[in-house]
Amino acid sequence: MRKISIKNLVEFRQRSERSKLTFLNNIRKDKKANPDESGGDYWVSCLSAISNVFGTEDTSLINQKIDVLRNKIKETEHTNTKNRWQKNIDILQNFEDFDFKSIKPDSNLIFHKKSDLNSIINLDGIPIESKPHHVFSYTNKDQKEVGAVWFIAKKNGYKKNELGMFCDIMHRSLTMHYSDKYKINPAYCIAVDVFNCQDVNFSQLLSGEVSILLGTTVDEIKKLLTK
């Protein structure tokens, strides 16, 4: 079975029962999903710029990327390509005044190199992919802590409980790979929906403010796979 992204799981939850079985049969056959507007490549320009701002605190990178995309629009005659660049620009413009400090600790961050070998979390035999943009550690009152942030794009955005699924898999990944050296801070295990400029952190799942969907979704997949 190929690895499953959280985006796949969100799509799975939105499908009819019959369509869910087709989706899972394709996974069992290791068929890759067809690319669409929800895919990372479509939004890569805005996601990479936003991620870089988080890492560098250089907000000018947003305007620089907007200028680059505007030039690309002028250079192409393909309407679909122009629309894609413009949608990326629209998101970047929404982030021109975004408070990045609200989603990161007030401390010096050490960014950790991510490895594809550590990106798969096995949940009861189902391989789920966890690929946040940044994993970072810092010191909080003499306590070494670790967190992560994942910038996510999809046309029309995500519901908060869907964003919670991204937080859930990130928290599981951090616990698996970093809990021996760091305290996992659920408040800084954050998924950011760049389409709607909203974010959810894992502490909201712990408090019940945001519903926990990942476990029940995996359970449903396991049941359907046994049919």
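Me: On a 1 Å grid over the protein atoms alone, a pocket is an open set of points where a 1.4 Å probe fits, with protein on both sides within 12 Å along at least five of seven lines, and its lining residues have an atom within 4 Å of a point. Which helix gives the most to the lining of the second largest pocket?

Reply: This is a predicted model, in which local features need pLDDT of at least 70, side-chain atom pairs count only at pLDDT 80 or more, and totals for chains, interfaces and linings use all residues. Residues are numbered from 1 along each chain as its sequence is written, and side-chain values use heavy atoms, without hydrogens and water. The lining includes F54, G55, T56, K101 and F111. Three lining residues come from one helix (a DSSP run of H or I, at least four residues, numbered from the N terminus), and this largest contribution is made by α3, residues 44-56.

Me: Is S173 buried or exposed?

Reply: S173 sits in helix α6, which spans residues 160-178, and it is in contact (heavy atoms within 4.5 Å) with N118, I121 and S130, leaving aside residues up to four places away in sequence. Its relative accessible area is 9%, and because buried means under 20% with a 1.4 Å probe and protein chains only, S173 is buried.

Me: Which strands stand at the edges of the sheet?

Reply: Five strands (DSSP runs of E, at least two residues) form an open, mixed sheet in the order β1-β4-β5-β6-β7, where pairing requires at least two DSSP bridges. Two of them each have a single partner strand, so one side of each lacks a neighbour in the sheet, and these edge strands are β1 (110-112) and β7 (198-201).

Key. Buried means under 20% relative accessible area, exposed over 50%, partly exposed in between (1.4 Å probe, protein chains only).
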